[in-house]
Amino acid sequence: MTISQIAFLKGHGTENDFVIVPDPDNAIDLPASLVAVLCDRRAGIGGDGLLHVVRSAAHPEAQAMADEAEWFMDYRNADGSVAEMCGNGVRVFARYLQHVGAVVEGDLAVATRGGVKKVHLAKNGDVTVSMGRALLPGDGVTVTVDGRSWGTRNVNMGNPHAIAFVDDLAHAGDLFREPSFAPAAVYPDGVNIEFVVDRGPRHVAMRVHERGSGETRSCGTGACAVAVAAARRDEADPAETGVPVTYTVDLPGGTLVITEHPDGEIEMTGAAVIVAEGVIDPAWLDTVDGERAKR
């Protein structure tokens, strides 16, 4: 398959938006430089990341999961780097599969670099993803923005998160640049940094800097990590209480509902929408390919 044959769709989950590239047979070469251009909001299609839709059996990183999940979400950050997981991305990925008739309402499994995720497509349009269990490595970092510093809780949802509880979300700054944190050795591959304020009982709001993407309108794994951190702070750990705990998490792009069960399993529920589809202009792709060849 040549590069000129790339079709695409655009979708979002609570305004965390993605370029979707269907490629069941894993035949399209998507180097980081091309992904970055496709996700560029001025020079390309624009998105917080790219969802490369591949059959698990056709991708070397997912073949071992093919018996559990037919489809693999080969997720890339907006800068072209590879990421383990994206919670909103999984929901949009599932909505895409439903959009093209590959799946119907109900349950399905999606392979990711963070493992196989169980997804439920509801009749009302919401998509629920079983996000797995959080890991709490223990070693946090200190995050600093404009002279203010906060300790953070280290939560891993298949990708790393540092959660800071603050008095005002404006204290996070512009978040286009990664806030400084120390010690850097805690996150050798970078980290997603969440700033969180309380809105009410079991109700928080957050902003996030996603590694490789800057500030995004929503982050699914981040919302789950925030709910886990809030539950521990509020002494509502379901493993200790034996009772599921649910947090409403407001993000700039919408609201997600996160439930953690006593066995540690975390579910995330929210809307996912496909907004456009088409074929990338071959002439533009030739221009992009030519520029890449010069570098």
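A pocket here is an open set of points on a 1 Å grid over the protein atoms alone, where a 1.4 Å probe fits, with protein on both sides within 12 Å along at least five of seven lines. The model is predicted: local features need pLDDT of at least 70, side-chain atom pairs count only at pLDDT 80 or more, and totals for chains, interfaces and linings use all residues. Residues are numbered from 1 along each chain as its sequence is written, and side-chain values use heavy atoms, without hydrogens and water.

**Pocket**
- The largest pocket has a volume (the space filled by probe spheres set on the points) of about 210 Å³.
- It is lined by 13 residues (an atom within 4 Å of a point), and Arg-41, Asp-48, Glu-215, Thr-216 and Arg-217 are the closest to its centre.
- The lining holds 7 charged residues (Asp, Glu, Lys and Arg), alongside 3 nonpolar and 3 polar ones.

**Helix H2**
- H2, a DSSP run of H or I with at least four residues, covers residues 87-99 and reaches 19 Å from first to last C-alpha, close to the expected 18 Å. The expected span is 1.5 Å times one less than the number of residues.
- Of the 13 residues in H2, 11 are buried (under 20% relative accessible area, 1.4 Å probe, protein chains only), among them Arg-91, Phe-93 and Arg-95.
- Gly-101, just after H2, has a positive phi of about 85°.

**Sheet**
- Three strands (DSSP E runs of at least two residues) form an open antiparallel sheet in the order E9-E8-E12.
- Strands E9 (148-151) and E12 (180-182) are the edges, each pairing (at least two DSSP bridges) on one side only.
- E8 (residues 142-145) is joined to E9 by 4 bridges, and Thr-144 stands opposite Ser-149 in E9.

Definitions and conventions. Buried < 20%, exposed > 50% of the residue type's maximum accessible area, 1.4 Å probe, protein only.
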